Number of protein chains: 4
Amino acid sequence: MSSWGERIKISVFGESHGNGIGVVIDGLPSGEALDMEKLYLQMSRRAPGKDKTATPRLEKDIPEILSGVLDSTTTGAPLCAVIRNTNTRSQDYGNVLSCPRPGHADYTGFVRYGGFNDISGGGHFSGRLTAPLTFAGAVCRQMLERRGIKTAAHIASIGNVRDSLFDPADIPDELIEKLNTSRFGLIDDTKEEPMRALVEKCRLSQDSIGGIVECAVTGMPAGVGSPMFEGIENLISSIVFGIPAVKGIEFGAGFAAAEMRGSENNDEFFYDGDTVRTRTNNHGGILGGISSGMPIVFRAAFKPTPSISRQQNTVDLQKHENAVLEIHGRHDPCIVPRAVPVVEAAAALAAAELLARAQKL
Amino acid sequence: MSSWGERIKISVFGESHGNGIGVVIDGLPSGEALDMEKLYLQMSRRAPGKDKTATPRLEKDIPEILSGVLDSTTTGAPLCAVIRNTNTRSQDYGNVLSCPRPGHADYTGFVRYGGFNDISGGGHFSGRLTAPLTFAGAVCRQMLERRGIKTAAHIASIGNVRDSLFDPADIPDELIEKLNTSRFGLIDDTKEEPMRALVEKCRLSQDSIGGIVECAVTGMPAGVGSPMFEGIENLISSIVFGIPAVKGIEFGAGFAAAEMRGSENNDEFFYDGDTVRTRTNNHGGILGGISSGMPIVFRAAFKPTPSISRQQNTVDLQKHENAVLEIHGRHDPCIVPRAVPVVEAAAALAAAELLARAQKL
Amino acid sequence: MSSWGERIKISVFGESHGNGIGVVIDGLPSGEALDMEKLYLQMSRRAPGKDKTATPRLEKDIPEILSGVLDSTTTGAPLCAVIRNTNTRSQDYGNVLSCPRPGHADYTGFVRYGGFNDISGGGHFSGRLTAPLTFAGAVCRQMLERRGIKTAAHIASIGNVRDSLFDPADIPDELIEKLNTSRFGLIDDTKEEPMRALVEKCRLSQDSIGGIVECAVTGMPAGVGSPMFEGIENLISSIVFGIPAVKGIEFGAGFAAAEMRGSENNDEFFYDGDTVRTRTNNHGGILGGISSGMPIVFRAAFKPTPSISRQQNTVDLQKHENAVLEIHGRHDPCIVPRAVPVVEAAAALAAAELLARAQKL
Amino acid sequence: MSSWGERIKISVFGESHGNGIGVVIDGLPSGEALDMEKLYLQMSRRAPGKDKTATPRLEKDIPEILSGVLDSTTTGAPLCAVIRNTNTRSQDYGNVLSCPRPGHADYTGFVRYGGFNDISGGGHFSGRLTAPLTFAGAVCRQMLERRGIKTAAHIASIGNVRDSLFDPADIPDELIEKLNTSRFGLIDDTKEEPMRALVEKCRLSQDSIGGIVECAVTGMPAGVGSPMFEGIENLISSIVFGIPAVKGIEFGAGFAAAEMRGSENNDEFFYDGDTVRTRTNNHGGILGGISSGMPIVFRAAFKPTPSISRQQNTVDLQKHENAVLEIHGRHDPCIVPRAVPVVEAAAALAAAELLARAQKL
């Protein structure tokens with residue numbers, strides 16, 4: 001199922017090399033102005049072909065809006081946006097059908113869909129499906145910004161090269177603005193060169209590399225979310241794990257909290273004028289599943305792109321025997337830079353859904 | 001919202017110091033024999049008061065089944081189980097209402113519920129609500145075991161004391177059986193003493209400590225799950241973050257994959273007789289959201305119990321001023337040992353839901 | 001599945017002759033005062049044993065609230081209410097297990113649950129399960145009344161004896177109040193005697209009789225609901241068909257509209273002061289799935305109670321042969337009078353859900 | 001919200017005069033062959049402009065499939081089909097924005113969407129949105145037919161001209177086949193002339209007329225569905241009320257059962273060979289929300305088209321005063337003939353969802 005959300009529902013469709021991909025967004029408030037330039041900017045941040053960290057495949061990724069918008073304003077009816085695939089089904093994937101790529105969904109997709117799934121370019125499993133997700137998030141971002149809520153993400157690490165992390169207790173607007181328009185989002189810009197060097201090194205060695213994206217949502221009012229299964233962590237992770245290659249998520253101090261004492265991890269409350277705030281933000285803006293008013297901060301771990309050009313051992317599902325696979329396709333040696341706006345988009349969708357459930361949208 | 005699931009739905013209710021807590025489980029198959037002794041065993045693994053790592057509060061935690069079971073067999077109608085609270089609302093929490101405990105949901109609950117939530121013992125936010133979750137999971141486990149699917153968890157770490165981790169490519173049944181009946185679940189039993197020592201040290205210093213629980217689901221057939229938002233990671237995290245104090249989750253290699261190369265992280269496929277398996281299992285049994293047939297493995301990070309007896313700075317919400325809080329309650333210095341069966345239960349519920357969605361239950 | 005709702009979720013459990021029945025209501029706003037006397041009044045309107053139209057089975061039907069209420073006010077946590085069955089599993093149903101009663105769910109339940117369902121008293125299919133539904137609706141009614149929204153229903157007909165219908169364009173508060181406390185709800189009280197006479201006649205001839213309940217929701221603001229699948233008609237019918245024996249529902253002019261011209265059926269708009277109203281209300285307060293501000297009016301058709309004492313032809317599922325069945329149980333010859341508060345309750349739940357989705361609760 | 005379904009999800013989008021309309025169908029099984037000619041046949045049955053009962057607007061209504069189908073076979077990924085609007089936004093609706101049409105959703109849509117909804121041609125409320133619904137149903141029909149399940153509907157009445165009704169206990173395949181390809185579906189073909197005459201009379205008098213569609217689903221195995229809120233009646237009505245102009249639905253004997261005795265309404269069971277059947281089918285194939293194996297039969301009441309060319313009284317929402325409206329558009333004087341394939345499609349979607357939930361798809 002490629003549908004998500006309850007009050008703001010998205011239904012993502014498409015296969016990498018089919019006629020088109022897109023998304024239906026249902027439940028949007030009416031009367032929300034859409035700045036198309038801003039939408040396209042977010043799409044272009046995710047689009048491939050910009051630099052050497054990305055796949056050489058070129059796509060315009062300009063969505064056509066079929067419904068739900070009149071005079072650049074939402075009508076309240078479902079918004080459908082379609083992106084045509086101009087670069088369609090190739091022969092690059094001929095051998096993948098019988099010989100699944102290690103680390104990829106070829107094998108599980110084969111079993112799940114009985115061999116009927118469209119294997120070209122990864123089909124519906126392709127990272128290309130993050131384009132409509134980014135679009136849907138970009139629509140929500142504009143609504144959220146009018147309500148004082150912002151999302152921003154950066155490359156926390158590629159391999160062992162690390163950016164600075166957010167100060168979760170204080171994320172300045174200028175940083176958010178800088179990240180929101182960046183194509184290689186970093187807090188510490190001096191890390192761009194070593195990160196790019198590492199990616200290039202992996203590319204040259206026919207390999208790939210993973211990384212971590214850190215994301216913040218600021219301006220969320222306190223009291224949004226619910227205990228147990230409708231908590232903010234549950235909701236954000238339910239969409240973030242929809243981004244291909246994500247294998248872990250942590251909120252606030254996250255896994256580090258597992259080594260901490262309560263006296264270290266607890267965040268003191270204090271009055272900042274009339275507002276209750278915490279001095280530190282190990283809780284990542286969430287206590288008991290509910291927002292505290294502090295920035296919501298999480299990190300998502302991306303595994304390295306499984307599609308590498310090296311020879312790999314696998315099986316041949318038709319011959320029922322072990323096999324050796326060499327892939328000839330166009331693949332990112334590191335998807336993390338392009339994943340940054342996707343994670344922001346997922347956070348924006350989650351934030352909009354949370355507000356709607358809290359009757360505050 | 002304290003409801004979870006679509007085909008196997010649970011609705012958890014209760015407040016720590018109210019009349020009772022419990023769960024309704026809807027969508028269970030009919031004709032499933034329930035071994036009550038086994039159910040109670042799982043409940044007792046989670047129950048407090050067994051040793052010094054746990055709160056001294058004593059509860060019988062014997063659920064009464066009101067419906068859905070006849071002659072120890074499921075009828076297919078909703079199963080409701082109720083646990084009476086024998087140890088009810090005390091005066092221990094008087095000051096918590098106006099002075100929220102750092103790291104706890106007191107403040108966010110106050111904002112969310114406008115001060116009407118039952119604050120005693122944490123109310124609906126209490127870890128005590130994991131008792132009905134454990135019960136629901138224990139029901140599902142028995143169904144799953146008849147279908148060859150097992151869940152087992154252990155204490156991967158408390159603070160900086162670490163157990164061995166699962167070999168995710170090969171989890172023997174004997175280990176699963178040992179863990180399923182353990183009250184302090186470890187792979188390497190020599191770690192019990194240093195872990196207990198660390199917890200005791202924290203207790204004596206009026207502090208608490210976090211940890212990590214690792215969980216495996218074995219026997220899941222390949223091809224279960226879906227891409228994007230109905231993936232196994234999405235579903236498991238949507239329930240695991242319903243366990244209080246969880247701040248992170250990772251599948252397979254998880255965050256470590258972010259530092260790996262594709263050539264390291266990719267798991268080679270091979271034929272093991274007629275079965276396709278992988279030699280390693282960095283993918284944690286999940287590719288593209290779908291099961292590969294290998295063990296599903298994940299780890300959940302638990303923050304340290306926020307309720308510590310030390311003086312802490314906070315705010316007084318009635319006086320609108322900063323305040324100092326000292327808590328007099330009964331609290332676990334480390335919840336991780338008791339969380340082990342809860343994580344197993346959550347995994348069992350997710351596995352049952354996955355099978356039902358895949359039309360294999 | 002016995003769960004309903006998205007923002008106000010109910011999970012109904014229990015079997016007619018089991019340990020207890022009840023409901024969990026999740027998503028209630030906090031801080032809502034509950035008048036227990038009013039709750040019990042609604043329960044007593046539905047309770048059996050009051051007069052000859054009803055089954056002679058006596059039940060106290062006094063629910064115990066286990067959670068979600070503190071000091072007679074909702075806490076915002078799930079509210080669980082349990083009604084103990086004092087009159088439990090009898091031998092009256094011995095032959096029903098192999099010989100399904102015509103018109104009843106015995107056969108379909110047998111197939112659905114493989115013979116494991118609790119057959120006594122109808123098990124989970126019993127009309128007794130409308131008691132927790134009535135309770136849940138009664139909780140919502142109190143919330144709705146504080147927001148100016150009222151629900152009222154009456155016996156539109158029993159067999160061919162008809163009450164007057166609502167004037168859907170003008171339903172006075174006094175009528176609503178009268179109906180809300182009535183045990184045999186009628187607009188035209190002179191119809192009570194002929195209705196009771198008809199029911200008694202059916203009872204004496206070991207037969208039963210059907211009828212229609214008409215229900216109105218007044219005070220719903222305009223603009224609530226959505227087109228297509230989240231329309232008010234969709235939502236109300238999704239819960240009303242959860243009441244056993246309902247076989248039809250119509251809104252506004254309903255089936256009569258199928259014989260009307262547009263010029264007859266269209267309701268003219270006009271300004272009543274600053275408020276837009278319609279002079280007639282054939283649309284039943286709903287246009288395009290959305291409330292118009294006029295009273296929402298619908299009618300539900302109840303089939304005659306299938307359990308009659310006459311000999312009936314059926315099958316013997318064990319012997320695999322045709323059979324003759326004679327039922328020895330306690331059954332209402334007409335459930336319509338007792339169904340009136342149940343329909344009101346269903347309408348109240350739907351109204352609360354609609355308001356929550358519209359972010360107006 | 002224009003999304004429906006849980007295991008077979010549809011998300012319908014589009015506005016009457018926007019760029020395009022369509023549907024995403026998520027959850028389809030993979031490997032289902034699609035006969036495109038049969039799909040187009042169903043679309044053409046609903047398409048306007050065929051005869052005088054319908055609007056003169058001409059549309060090709062040929063959907064383009066963007067995803068989810070490869071080599072005319074479902075891949076298991078979401079199927080998106082788009083129909084371009086070739087006949088777009090006109091000036092015919094200028095006065096509707098301020099003067100809502102009686103009986104139409106103009107007013108409620110205005111309140112719901114704050115005046116931002118696309119009013120042209122009815123926008124998202126338009127009957128034109130039944131085209132993607134018909135498409136989605138036509139996809140499901142082909143799957144269902146391979147599993148022995150068929151759906152067929154006919155015009156039960158237009159105004160007071162009535163067709164014969166189904167014999168619900170015995171619906172022959174030949175009748176189903178005839179209806180499935182008919183553009184004016186009747187059991188008794190002699191009723192076509194008087195029905196068309198009535199519609200023409202209404203058209204000439206600038207009026208419109210309502211009617212009833214009766215629909216049957218045959219071949220559904222016994223034991224599908226659930227008690228209470230997941231019953232077959234609940235599910236079918238949740239989608240049928242998504243068809244514009246439906247104001248009532250009844251199953252089996254429906255409202256007529258309200259006047260019947262139990263001894264009349266109860267359907268005797270008997271063994272027909274090894275199969276349990278009922279001699280009559282007043283229960284419409286559904287007992288306790290669950291299929292009995294007999295044909296599922298229901299009727300939906302359609303109100304007369306609200307758009308009539310006569311002068312009508314209404315309000316002017318901009319001037320805040322009463323007003324007189326004359327509509328200049330293209331409208332069906334009777335939508336019932338075109339609604340027949342739409343009701344069949346809705347029934348097919350419901351049947352597919354029921355099978356999936358029952359783990360039988």
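This briefing covers confidence, the contact of chains A and B, and the sheets of the model.

The model is predicted; local features need pLDDT of at least 70, side-chain atom pairs count only at pLDDT 80 or more, and totals for chains, interfaces and linings use all residues. Residues are numbered from 1 along each chain as its sequence is written, while chains are lettered from A and ligands numbered from 1 in the order in which they are written. Chains A and B touch through 87 residues from each. An open sheet of ten strands takes in strands of both chains.

**Confidence**

- Chain A has an average pLDDT (the predictor's confidence in each residue, from 0 to 100) of 93.
- In chain A, 93% of the residues score at least 70.
- For the complex, the predictor gives an ipTM of 0.96 and a pTM of 0.96.
- Where pLDDT is low, predicted coordinates should not be read in detail.

**Contact of chains A and B**

- Chain A gives 87 residues to the contact, and chain B gives 87 residues. Two residues are in contact if their C-beta atoms, placed from the backbone, lie within 7 Å.
- The side of chain A that touches chain B has 37 nonpolar, 37 polar and 13 charged residues. Ala, Val, Leu, Ile, Met, Phe, Trp, Tyr, Cys and Pro count as nonpolar; Asp, Glu, Lys and Arg count as charged; the others, Gly among them, count as polar.
- Chain A superposes on chain B by a rotation of 180° with 0.0 Å of shift along its axis, at an RMSD of 0.0 Å. This is the relation of a two-fold axis. The fit is by least squares on the C-alpha atoms of residues with pLDDT of at least 70 in both copies.
- The same surface serves both copies, as 100% of the contact residues of chain A recur in chain B.

**The ten-strand sheet across A and B**

- Its order is E9(A)-E8(A)-E10(A)-E16(A)-E11(A)-E11(B)-E16(B)-E10(B)-E8(B)-E9(B), with antiparallel pairing. Strands pair if DSSP finds at least two bridges between them. Helices (H or I, at least four residues) and strands (E, at least two) are DSSP runs, numbered from the N terminus.
- Strand E9 (161-162) of chain A and strand E9 (161-162) of chain B stand at the edges, each with a single partner strand, so one side of each has no neighbour in the sheet.
- Three bridges join strand E11 (residues 246-251) of chain A to strand E11 (residues 246-251) of chain B, and the two run antiparallel. Here Glu250(A) stands opposite Gly248(B).
- Strand E8 (residues 150-158) of chain B joins E9(B) through two bridges, antiparallel. Ile158(B) is opposite Val161(B).
- Helix H5 (residues 192-204) of chain B packs on the sheet, touching E8 and E9 of chain B, at about 60° to E8(B). Angles run from 0 to 180 degrees between N-to-C directions, with axes fitted to C-alpha atoms, for helices over the stretch in contact.
- Helix H4 (residues 173-180) of chain B lies across E8 and E10 of chain B, at about 70° to E8(B).

**Strands of chain C**

- Eight of the eight residues of strand E10 (residues 211-218) are buried, so E10(C) is largely enclosed by the rest of the structure. Buried means 20 or more other C-beta atoms within 10 Å of a residue's own, with C-beta atoms placed from the backbone.
- Gly211(C), Val213(C), Cys215(C) and Val217(C) point one way from E10(C); Ile212(C), Glu214(C), Ala216(C) and Thr218(C) point the other way.
- E10(C) pairs antiparallel with strand E8 (residues 150-158) of chain C over eight bridges.
- Seven bridges join E10(C) to strand E16 (residues 296-302) of chain C.

Technical notes. Buried ≥ 20, exposed ≤ 12 C-beta atoms within 10 Å, placed from the backbone.
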